[in-house]
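I opened a notebook page for this model and set out to look up its charged pairs, one helix packing and one side chain of interest. The entries follow in the order in which I made them.

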Amino acid sequence: MPLSRSLSMTSLSGVLPAWEEAELPVEDLLLFEVAWEVTNKVGGIYTVIQTKAKITVDEWGENYYMMGPYFEHNFKTQVEACEPPNPVNTCISNSDASFVLQLTDQLGDKLNVIGHFHEWQAGPGVILSRSRKIPMATVFTTHATLLGRYLCAGNADFYNNLDKFDIDKEAGERQIYHRYCLERAAVHCAHVFTTVSQITAVEASHMLHRKPDVVTPNGLNVKKFSAMHEFQNLHSTSKARIQEFVRGHFYGHLDFNLEKTLFFFIAGRYEFSNKGADIFLESLSRLNYLLRVRNDMTVVVFFIMPAKTNNFNVESLKGQAVRKQLWDTAHTVKEKFGKKLYDALLKGQIPDMNSILDRDDFTIMKRAIYATQRHSLPPVTTHNMLDDSTDPILSNVRRIGLFNSRNDRVKIIFHPEFLSSTSPLLPMDYEDFVRGCNLGVFPSYYEPWGYTPGECTVMGIPSVTTNLSGFGCFMEEHVSDPAAYGVYIVDRRFRSPEESCKQLTQFMFSFCQQSLRQRIIQRNRTERLSDLLDWKYLGRFYIHARHLALNRAFPDKFKIDPMTEGFRYPRPYSVPPSPSASIHSTPHHSDVEDDDDDEPYDEDEEAERDRLNIKAPFCCFGIYPDPGPSQNPDSCSEAQFNCGVPQGSILGPLWFSTVLGKLLPKCNTL
């Protein structure tokens, strides 16, 4: 489902730099995009391809094709079957990779073909196309290196030892050497190699020994509302639904004020360390102490991470049943009260409040109150876990002692299942749930891009990310002060785990100190960044990658000029949304209903100031141009690469043949 946002003066339309690259003659080209996740949802690549499809079709029309695995269920639910419109296609065998060979033979010089391959599963297409000298421009994109994901999952100190790993040995020990060789060969065979973020570019340069030619950040298909600032109303509506769930889950222990309660969440694949759940839990323990001592706010934290379960927790289901029973009881008494009050007023009488409710009404209410009594603490998890004793989240909850007791200001709810509007427990889709939360927390250690904070941004919800995630690096690159716009970036690359944990705790505590007005202002600012993540802007990097591939495959036909892209969104002029910008020696108490800030604020005026103060575009964002045949692509220093200085990555024919000659004999499957 397309994510939606408001259409307002605060959007960046007209502010983003104009696209000046020459348009490709798409009528004379065919584009094939190949990936294992075409109509086959496994991870984030599915979202990339699905959300990017519209702008690609708008550009290429019927000359754009996707290729992926055939699964009957996916075909029936996501694909509309049709007969080939061109009889030429019916003559082509689809028995193997020979498809492109036969296609290019039949096309001759009429049309040029571009093949864009995603991840190692599509790697054979690149390797076979180049080894058979098929006249096709090739682009290979890695969304995360295979070995990098395995090393981080094993709790390796990955980023501090990038240049120290014996990658052949590490791949062999993890039984992935054949797949690693396939990935590396595909990277070196492609005319253009791309990654999705600067941090993954650094990783790829070490793991795969080739620096990316283009960084292609992941975008979203941002659909706009016609009503102004409707995302604020949607936040209030969705938050009310979450509050109803919380009332049921904490029945009998609902001694905290829901109007002074914030909802935090973390979501994604259940990779405990990679997704940063370890540092998040430790920070929550410290936040709990700070809130108990210095603040009257309560934080309810949701962990939305699918794990092995056998059913809903009985206590969780009972809580929602009790809540509904109380609601029905209150509604019944309200109806009787309202009728008697109405009749008395019609007679011109002021009713006696002591007699307006009869004895039965009091009995019903007493029974309802008795039903809310609870002799156990509200459950930490909503489901029965199959591996309760060894589950990483539950084990750490036991270690830090956050059991949802009355004294805890941080409450934890582990929902080990994807959200669904048909759930009997929390009947909300993920998008509605995100809109109702106050802060998304994603302190990932290994996150090549990270769609979750991006989805928060386009819905106007502040989020926490890290400088080890592609999204975090992207925001640091584009926004002068990301925290002022509701994107808090934890430093997990150049700080120790303890320092990162302290920084995350401070971010969350500062957020809890904000007034209601400050949170509304911050959500407005966060939503303003939506255009940065729209494929209408980010799709241009894919356009450049394809143009560059054509230039290298067919240099006589296609010329290209160096691309200069990017800008920085400045810090807003108005009062900072978070007390962290001017931390007091003694943190003050925050009341969401009180607003001591009387400084005037005009959202549209602030947006106009931002427009006038956009810094000049900086050069060569995400682009590594051809250095010429004489330069060794490995000659550039790590320091140059990290700071984005243009450098080479194109491989000369001799160097390419040497590398491929070394790789192919090692990989028997090739």
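How many salt bridges does the structure hold? I worked on a predicted model, and my count for the structure came to 29 salt bridges.

Entry on single pairs. I began with Arg 269, which forms a salt bridge with Glu 271, and I noted 3.0 Å between the closest N and O atoms. Arg 269 has a relative accessible area of 35%, so I entered this residue as partly exposed.

I then turned to Asp 358 and Lys 340, whose salt bridge has its closest N and O atoms 3.7 Å apart. This pair links distant parts of the chain, since Asp 358 sits in the loop between helix H12 (314–346) and helix H13 (359–371), while Lys 340 belongs to helix H12, 18 residues apart. I put down Asp 358 as partly exposed because its relative accessibility is 28%, and Lys 340 as partly exposed because its value is 31%.

For the next pair, Asp 491 and Arg 495, I recorded a salt bridge at 3.9 Å from N to O. Is Asp 491 buried or exposed? With a relative accessible area of 17%, Asp 491 falls under the 20% cut-off and is therefore buried, whereas Arg 495, at 37%, is partly exposed.

Entry on a network and a packing. I found Glu 282, Arg 286, Arg 399 and Glu 498 linked in a network of salt bridges. I next looked up helix H11 (residues 277–294) and helix H18 (residues 497–512), which pack at an angle of about 45° with their axes 9 Å apart. That angle makes H11 oblique to H18, and I noted the crossing of the two helices as right-handed. On the H11 side the contact includes Glu 282 and Arg 286, along with Leu 287, Leu 290 and Leu 291; on the H18 side, Glu 498, Leu 504, Met 508 and Phe 509 are among the residues taking part. Glu 282, Arg 286 and Glu 498 thus appear in my notes both in the network and in the helix contact.

Entry on Asn 524. Where is Asn 524 found? I located Asn 524 in helix H19 (residues 516–528), and I entered this residue as buried because its relative accessibility is 10%. The side chain of Asn 524 makes a polar contact with the side chain of Gln 232, at 2.9 Å. I also checked Asn 524 against Pro 462: the two are 62 residues apart in sequence, and their C-alpha atoms are 9.8 Å apart in space.

Methods. Residues numbered from 1 in each chain as written. Predicted model: local features only at pLDDT ≥ 70, side-chain atom pairs only at ≥ 80, totals over all residues. Heavy atoms only, no water. Helix = DSSP H or I, 4+ residues; strand = E, 2+ residues; numbered from the N terminus. Buried < 20%, exposed > 50% of the residue type's maximum accessible area, 1.4 Å probe, protein only. Polar contact = N/O pair within 3.5 Å; in protein donor to acceptor, adjacent residues only side chain to side chain. Salt bridge = Lys/Arg side-chain N within 4 Å of Asp/Glu carboxyl O. Axes fitted to C-alpha atoms, helices over the stretch in contact; angles between N-to-C directions. Parallel < 35°, antiparallel > 145°, perpendicular 65-115°, else oblique. Left-handed = near helix turned anticlockwise from the far one by under 90°. Contact = heavy atoms within 4.5 Å.
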